[in-house]
Amino acid sequence: MWLLNKNQSKTSSRAQIAIKEVVDGVLVLPNNEYRIAIETSSINFELKSQAEQDVLIDNFQTFLNSLPCSLQILTRVREVNIDDYLDSLHTMKNQEDKKIYQEQIKHYATFVAELVKGNKILSRRFYLILPYHASKSEDLDMVKSQLQLNRDIVIKGLERLHMKARQLDSLEILDLFYSSYNPSQIKTQQLKGHTIQTLLRNHHA
């Protein structure tokens, strides 16, 4: 099962997301299916020398052969909202007492605004989704233990590739879904802890 079950029908997004709950960073899905999400850094392969690329390929092959389970690679590309940053520069300029620094901040803000004018600034984040199918006799604690074991193996393999990795917590997982199904709002409305209950009520409605 994919993490995100988008389709081309006109069904509401709530009906498309097969999530029963999120507990301690674990997605609980129907049919005894569970998922955790690991955020990873990236490597600019093209900037490496030929020798470094060969080493990376060999290490990546070793990583794939050592995987304890199948996994999904998820890439999220989002437009960066530069308006908040420009607003913070404006506030900083107004709080600055020395005119020379005010002018420097003003020029810098103008430079940034012109730099991004007509161009979208994109951020890219990468995730690995680890699945687990539990038997009916396994409780959530047993599932979490197995997922954590698989997680540790995957993270150690990524560290050998000089990549940083960490598991997403429950709020970050919900934020990942929220940003996927609300791309027009995510630049101006970040998912916060106090909105979780409202979202969950809507999901079960």
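## Exercises on a predicted chain

From the N terminus on, the elements follow the order α-β-β-β-α-β-α-α-β-α-β-α-α, which comes to seven helices and six strands. Helices (H or I, at least four residues) and strands (E, at least two) are DSSP runs, numbered from the N terminus. The model is predicted, so to speak a computed one: local features need pLDDT of at least 70, side-chain atom pairs count only at pLDDT 80 or more, and totals for chains, interfaces and linings use all residues. Residues are numbered from 1 along each chain as its sequence is written, and side-chain values use heavy atoms, with hydrogens and water left out.

### Exercise 1: the strands β1, β2 and β3

Work out how β2 is joined to β1 and β3, and which way its side chains point.

Solution. Step one: take β1 (residues 21-23) and β2, which pair in the antiparallel sense over three bridges; two strands pair if DSSP finds at least two bridges between them. Glu 21 has Val 28 of β2 as its bridge partner. Two residues lie between the strands of this hairpin, and Asp 24 in the turn has a positive phi of about 50°.

Step two: move on to β3 (residues 33-40), which runs antiparallel to β2 and is joined to it by three bridges. Here Leu 27 is matched with Arg 35 of β3. This second hairpin has three residues between its strands, with Asn 31 in the turn at a positive phi of about 60°.

Step three: look along β2 (residues 26-29), where Val 26 and Val 28 point one way and Leu 27 and Leu 29 the other. In a regular strand the side chains alternate between the two faces of the sheet. The four residues are all buried, meaning under 20% relative accessible area, while exposed is over 50% and partly exposed lies in between (1.4 Å probe, protein chains only).

### Exercise 2: the nonpolar cores

Find the elements that give two or more residues to the largest nonpolar core.

Solution. Start with the definition: such a core is a set of buried Ala, Val, Leu, Ile, Met, Phe, Trp, Tyr and Cys residues joined through side-chain atoms within 4.5 Å. The largest one has 20 residues, and Tyr 34, Ile 38, Leu 130, Leu 147, Val 154 and Leu 158 have the most contacts inside it. The elements asked for are β2, β3, α2 (50-65), β5 (122-133) and α5 (140-160). With five residues, α5 gives the most. A second, separate core of 12 residues includes Ile 19, Ala 37, Ile 129 and Ile 173.

Now zoom in on Leu 158: not counting residues up to four places away in sequence, Leu 158 touches Thr 40, Phe 63, Leu 128, Met 163 and Ala 165. Contact means heavy atoms within 4.5 Å.

### Exercise 3: Ser 70 and Asn 150

Which of the two words, buried or exposed, fits Ser 70, and which fits Asn 150?

Solution. Ser 70 sits in the loop between α2 and β4 (72-79). Ser 70 counts as exposed because its relative accessibility is 53%. Leaving aside neighbours within four places in sequence, Ser 70 is in contact with Ile 129, Leu 130 and Pro 131. Pro 131 is 61 residues from Ser 70 in sequence, yet their C-alpha atoms are 7.1 Å apart in space.

Asn 150 is placed in helix α5. Asn 150 counts as buried because its relative accessibility is 5%. With the neighbours within four places in sequence set aside, Asn 150 is in contact with Pro 68, Cys 69 and Leu 130.
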